[in-house]
Amino acid sequence: MSAAADRLNLTSGHLNAGRKRSSSSVSLKAAEKPFKVTVIGSGNWGTTIAKVVAENCKGYPEVFAPEVQMWVFEEDINGEKLTEIINTRHQNVKYLPNITLPDNLVANPDLIDSVKDVDILVFNIPHQFLPRICGQLKGHVSSHVRAISCLKGFEVGAKGVQLLSSYITENLGIQCGALSGANIATEVAQEHWSETTVAYHIPKDFRGEGKDVDHKVLKALFHRPYFHVSVIEDVAGISICGALKNVVALGCGFVEGLGWGNNASAAIQRVGLGEIIRFGQMFFPESREETYYQESAGVADLITTCAGGRNVKVARLMATSGKDAWECEKELLNGQSAQGLITCKEVHEWLETCGSVEDFPLFEAVYQIVYNNYPMKNLPDMIEELDLHGE
Ligand SMILES: NC(=O)C1=CN([C@@H]2O[C@H](COP(=O)(O)OP(=O)(O)OC[C@H]3O[C@@H](n4cnc5c(N)ncnc54)[C@H](O)[C@@H]3O)[C@@H](O)[C@H]2O)C=CC1
Ligand SMILES: O=C(CO)COP(=O)(O)O
């Protein structure tokens with residue numbers, strides 16, 4: 001067993017679909033040429049995942065090239081470039097303040113330069129920017145590159161509703177999995193224990209152990225003592241839950257902001273979980289129902305987001321202040337993004353296209369409140385009424 005695997009103490013139970021844990025060790029072969037990793041994105045979660053990845057790349061030089069590039073959408077912060085601040089003070093003062101970043105993490109404002117000779121791309125940007133980023137990357141990424149998307153959302157367009165990992169595969173011609181879990185970024189950055197789920201299908205052109213990315217390599221890349229990783233194959237299941245729990249969290253924020261308390265929030269989460277699973281069954285039948293219940297990316301992420309995520313905070317402020325969603329997002333998030341605000345519109349457009357709006361009354365109610373100013377106090381009736389129409 002390599003020294004890297006020894007330190008990792010990988011177990012087969014962590015590497016397979018399902019939740020059976022086994023104590024048998026799985027060796028991690030040293031890479032023929034250590035994998036070079038780039039993180040695309042440097043927001044709240046982007047910087048946190050870059051920290052996790054850089055720690056592991058430094059810790060396992062037999063497997064990964066120690067230097068990790070992080071592409072940064074350049075900004076001026078009080079007369080200084082954000083990339084310069086990150087590279088000299090090792091802090092992302094705007095999106096992840098008060099967290100020291102590893103010195104092998106290098107901020108790069110040049111997207112194309114940041115992916116030069118890369119083997120593994122980790123996408124981590126608000127999903128509304130993905131089409132433009134993919135457009136810029138086209139022709140600059142070899143088909144041998146493997147990717148993981150940490151984004152939560154969908155792409156809705158001429159091709160219908162698409163997973164973001166599929167969008168990346170289609171546009172860049174590279175295999176792409178996903179990482180999603182109950183992961184409020186700041187808690188992970190502070191190294192408070194949490195779990196996550198990584199999902200990845202081994203592609204047909206897999207080049208072999210030590211030469212290509214497999215589940216063991218992904219576990220080594222993301223697992224930390226404070227960030228426990230389960231690697232499975234259900235990319236669709238973890239991505240659906242990650243996208244849609246943001247819409248449910250807006251619903252929770254509305255009822256909390258109205259002062260209705262825990263029961264109302266629990267009711268929204270119950271209805272929301274049902275709609276998430278129904279969405280998966282209708283549009284992504286390859287997703288597995290147990291993923292929603294058993295993985296961190298499933299119900300656990302729904303719970304943490306509805307308790308303490310940015311979407312719930314924005315919706316709560318909408319309820320207490322009467323301001324619209326965009327004002328609240330601006331006021332609360334200092335340039336960060338509440339992805340549920342975009343996802344609820346994308347979901348509405350898709351459901352309308354396929355005549356299924358009435359099957360998803362909560363998603364529709366959230367959309368109508370955010371975009372058409374429907375009174376949020378009518379939320380229970382909106383869910384009921386649409387249910388009755390559906391009968
Ligand atoms: N923050 C969190 O706790 C978690 C977030 N996620 C997901 O991770 C993804 C990334 O989220 P965050 O890193 O938190 O981003 P964020 O919400 O902090 O957004 C700010 C980022 O967007 C970038 N940006 C602004 N304008 C841009 C433009 N025109 N083009 C490209 N980039 C631009 C900023 O430079 C900054 O890096 C999202 O899909 C989110 O749902 C997932 C788990 C946890
Ligand atoms: O995805 C998240 C937690 O897993 C973060 O949710 P918010 O974007 O609502 O903060």
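**Figure 1. Arg310 in helix H14.** Arg310 belongs to helix H14, which covers residues 310-321. The model shown here and in the other views is predicted. With 22 other C-beta atoms within 10 Å, Arg310 is buried, because the threshold for that class is 20 or more. Leaving aside neighbours within four places in sequence, Arg310 is in contact with Leu333, Gln336 and Ala338.

**Figure 2. Val314, a second residue of H14.** Val314 also lies in helix H14. Val314 counts as buried, with 29 C-beta neighbours inside 10 Å. Apart from residues within four places in sequence, the contacts of Val314 are Gly253, Ala325, Cys328, Glu329, Leu332 and Ala338. Ala338 is thus listed for Val314 and for Arg310. The pair Val314 and Trp326 is separated by twelve residues in sequence, and the C-alpha atoms of the two are 8.8 Å apart.

**Figure 3. Residues annotated as a binding site.** An unreviewed UniProt entry lists Lys152, Arg310 and Asn311 under "binding site". These positions are spread over 160 residues of sequence, yet they cluster in space, with a largest C-alpha distance of 13.0 Å. Lys152 sits in the loop between strand S7 (146-149) and strand S8 (154-157). Lys152 counts as buried, having 27 C-beta neighbours inside 10 Å. Not counting residues up to four places away in sequence, Lys152 touches Ser180, Gly242, Ala243, Asn246 and Gln339. Arg310, the residue of the first view, lies in helix H14.

**Figure 4. Surroundings of ligand 2.** The shell around ligand 2 holds 13 residues, and the closest are Asn183, Thr305, Gly309, Arg310 and Asn311. Two of these, Arg310 and Asn311, also appear in the UniProt "binding site" list. Elements giving two or more residues to the shell are H10, helix H13 (296-308) and H14. The largest contribution is that of H13, with three residues. Sorted by class, the shell around ligand 2 contains three nonpolar, seven polar and three charged residues.

**Figure 5. Surroundings of ligand 1.** Ligand 1 is surrounded by 24 residues, of which Gly43, Asn44, Trp45, Phe73 and Ala185 are the closest. Helix H3 (residues 44-59) supplies the largest share of this shell, three residues. By class, the residues around ligand 1 comprise ten nonpolar, 13 polar and one charged.

**Figure 6. The eight-stranded open sheet.** The strands follow the order S5-S2-S1-S6-S7-S10-S11-S12, and their pairing is mixed. Strand S5 (105-108) and strand S12 (227-232) are at the edges with a single partner strand each, so one side of each has no neighbour in the sheet. On average, neighbouring strands are turned by 25 degrees against each other, direction ignored. Helix H10 (residues 235-257) packs on the sheet and touches S10 and S11, and the direction of H10 makes about 50 degrees with that of S10.

**Figure 7. Pairing of S10 and S11.** Strands of a sheet pair through backbone hydrogen bonds, either parallel or antiparallel. Strand S10 (residues 175-180) and strand S11 (residues 194-199) run antiparallel and are joined by three bridges. Ser180 has Thr197 in S11 as its bridge partner. Ser180 is also one of the residues that Lys152 touches.

**Figure 8. Two residues with positive phi between H4 and S5.** Most residues other than glycine have a negative phi. His90, not a glycine, has a positive phi of about 55 degrees. Asn98, likewise not a glycine, has a positive phi of about 65 degrees. His90 is placed in the loop between helix H4 (82-89) and S5, and Asn98 is found in the loop between H4 and S5 as well. His90 counts as partly exposed, with 15 C-beta neighbours inside 10 Å. Asn98 is exposed, with 10 other C-beta atoms within 10 Å.

**Figure 9. The annotated C-terminal domain.** The unreviewed UniProt entry gives residues 234-379 as "domain: Glycerol-3-phosphate dehydrogenase NAD-dependent C-terminal". This span is 77% helix and 0% strand, and its end C-alpha atoms lie 33 Å apart.

How values were computed. Residues are numbered from 1 along each chain as its sequence is written. Chains are lettered from A and ligands numbered from 1 in the order in which they are written. This is a predicted model: local features need pLDDT of at least 70, side-chain atom pairs count only at pLDDT 80 or more; totals for chains, interfaces and linings use all residues. Two strands pair if DSSP finds at least two bridges between them. Helices (H or I, at least four residues) and strands (E, at least two) are DSSP runs, numbered from the N terminus. Axes are lines fitted to C-alpha atoms, for helices over the stretch in contact, and angles run from 0 to 180 degrees between N-to-C directions. Two residues are in contact if their C-beta atoms, placed from the backbone, lie within 7 Å. UniProt positions are given in the numbering used here, feature names are shortened, and annotations may be inferred rather than shown by experiment. A residue is buried if 20 or more other C-beta atoms lie within 10 Å of its own, exposed if 12 or fewer, and partly exposed in between; C-beta atoms are placed from the backbone. A residue is near a molecule or strand if its C-beta atom, placed from the backbone, lies within 6 Å of it. Ala, Val, Leu, Ile, Met, Phe, Trp, Tyr, Cys and Pro count as nonpolar, Asp, Glu, Lys and Arg as charged, and the others, Gly among them, as polar.
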